[in-house]
Amino acid sequence: MLCLTLTGSTLEENRALVERNRQWIALAELRLDHLLPDEQKIASSFPSTVDLPVMLTMRRKIDGGMCSLPEKQRLQLLYEAAKGDFTYVDIEDDVKKSDLKFKDPLFEQKVDLENMLRTRGIRIVRSYHNFECVPADLFGRIYKLAAKGDIPKVAVTPGNMMDVITLFRVQQELSSLTEKIVIGMGPYGVCTRILYKKCGSLLSFCSDSQAAPGHLSAQSMSELYRSDKLDARTHIYGIIGNPVSHTSSPLIHNPGFEAIRYNAVYVPFLVDSVRAFFRLAEMLQIHGFSVTVPHKRSVQPYLGRITREVKQIGSCNTVVRIQNMWKGINTDYYGFLAPIDELIAQGEIRTALVIGAGGASRAVVWALHNHGVKVTILNRSLEHARTLANETMSAYDTLDNAHLYSETVDLVVQTTNVGMGDLEGQDPCPSLQFSGKEIVYELVYKPEETVFLKRAKGAGCTVIGGKQMLMEQGKLQFEAFTGYHYPHWVTVAL
């Protein structure tokens, strides 16, 4: 199930949120702590106004919520609201039983909230939140939370791949608990939210407002990742990197899988340790994955086979499982060439200037060198430029001397990350001038048109953006993953 966390300040706002997301969700969580005080008083009416089950939650600030009221007052509000027709009520693990007894004018003695809920058939979710780590006693905590027959919920914060492995182990270690909610928060936890069923989790939360660290939208969870439709036969693919949240690759592969009716999902994995990821890949039986910065070299010791391009370039961007071993491929090489190979064949590109000497640059320089193009590499670190230049018999220079190469080449390729992310709006090579006759090719794909490309376009140059290479190399990855050509009828919204 996908559960939409409702963070509106009024019940009407929350009804609108349910309506807007209804096609993708099976459950909603009403967050009392986000409601205005007057709205909290009438919250018990909410379940009867929407056409799906509702979970009631009144979250404290220490647990990631908005409520800073004294505990007795907070729980009193929870008790009053719980008189409504809710399907689940969330109660934190450290709330004392004595604090759940309330005076009610309708009864002669104190009412026990837990007993009242169970009598009415409302399930209690017993929750534990940790925004710092995954505790060493996680499995024991889950058992303890489930001891009274309630649904245990743990929302913890993995800080590395080993923590992620621990969350995915919950299912095999606690398979006897058929109902549990397991959530990895933050950037490392995104893969656990998408693959929540692999953690043995009953549901996964989503929201329009990132109500918790790592929340995705209901539409993304259901339409892009099909999280609620994945089953034991689903083939898992993904992309590993650090960072990886910016990737557009899921927008290529997941629609492609769906178009050919291939039961598969493509998931982003934030990876700090390649070694730990290969362990997770075995555990989840991952069938293949893309590799981005900074792991294009560090994956290679774990590969049983590599292609000629990977051996030559020293960079691997695609890994597939074949015959019980991992095979490394480089689709950047051919993906880069796709938009310009005819121009090279026709002799319109004979000389090139490549800005940068990192992992992406290696595929570019080798591809150009192998097709007879004379290359000059410009880089801030002269040593890195020299190493790549010596391997490919290219010329090299420092980026400070870029002005010396103005209007001297047929092709300029910008391979650095300057112009995207935190560096958006910056020009990687402001001193390089264009005559208007050059072809200017940049690997950055977000934003679609950088300062560098705008400047080249303004000078009259033919420009090629990074989306073309991203799409071309993605199509080659898709073929390596599935054995099928990428469906031409799919529109990819990069």
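Are K153 and D90 buried or exposed? Both K153 and D90 are buried, where buried means under 20% relative accessible area, exposed over 50% and partly exposed in between (1.4 Å probe, protein chains only). The model is predicted, so to speak of local features takes a pLDDT of at least 70, side-chain atom pairs count only at pLDDT 80 or more, and totals for chains, interfaces and linings use all residues. Residues are numbered from 1 along each chain as its sequence is written, and side-chain values use heavy atoms, with hydrogens and water left out.

To start with the overall picture, the protein chain has 17 helices and 22 strands; these are DSSP runs numbered from the N terminus, helices being H or I of at least four residues and strands E of at least two. The C-alpha trace spans about 95 × 50 × 40 Å along its principal axes. Of the 494 residues in the chain, 55% are buried. Among contacts (heavy atoms within 4.5 Å) with a separation of 6 or more, 67% are between residues 24 or more positions apart.

Back to the opening pair. K153 and D90 meet through their side chains in a salt bridge, at 3.9 Å from N to O; the term stands for a side-chain nitrogen of Lys or Arg within 4 Å of a carboxyl oxygen of Asp or Glu. K153 sits in strand 8 (residues 151-156) and D90 in strand 4 (residues 88-92), so this pair ties together parts that are 63 residues apart in sequence. A second example is R118 with D150, whose closest N and O atoms are 3.0 Å apart. Here R118 belongs to helix 4 (residues 113-119) and D150 to the loop between helix 5 (138-145) and strand 8, so the parts tied together are 32 residues apart in sequence. R118 is partly exposed, with a relative accessible area of 33%, while D150 is buried at 7%. Salt bridges with shared partners also join R59, R60, D63, E71, R74, D90, E92, D94 and K153 into one network. Within that list, D63 and R60 form a salt bridge with closest N and O atoms 2.7 Å apart, and both D63 and R60 are buried. The whole structure holds 32 salt bridges.

C67 lies in the loop between strand 3 (54-57) and helix 3 (71-81), and counts as buried at 8% relative accessibility. Neighbours within four places in sequence aside, C67 is in contact with D33, M58, R59, R60, K61 and R74. From C67 to M161 there are 94 residues in sequence and 32 Å in space, C-alpha to C-alpha.

Next come the strands. Two strands pair if DSSP finds at least two bridges between them. Strand 8 pairs with strand 9 in the parallel sense over four bridges, and K153 turns up again here, opposite I181 in strand 9. In strand 9 (residues 181-184), I181 and I183 point one way and V182 and G184 the other, and all are buried. In a regular strand the side chains alternate between the two faces of the sheet.

One open sheet has six strands in the order 12-11-13-15-16-14, with mixed pairing. Its edges are strand 12 (264-270) and strand 14 (305-306), each pairing on one side only. Strand 11 (residues 235-241) and strand 13 (residues 288-291) run parallel, joined by four bridges, with I240 opposite V291. Helix 17 (residues 466-482) lies across strands 11, 12, 13, 15 (318-322) and 16 (325-329), at about 10° to strand 15; axes are lines fitted to C-alpha atoms, for helices over the stretch in contact, and angles run from 0 to 180 degrees between N-to-C directions.

Another open sheet of six strands follows the order 19-18-17-20-21-22, and its pairing is parallel. Strand 19 (395-398) and strand 22 (462-464) are the edge strands, each pairing on one side only. From one strand to the next the twist averages 20°. Four bridges join the parallel strands 17 (residues 351-355) and 20 (residues 411-414), and I355 stands opposite Q414. Helix 14 (residues 359-370) lies across strand 17, strand 18 (374-379) and strand 20, at about 170° to strand 17.
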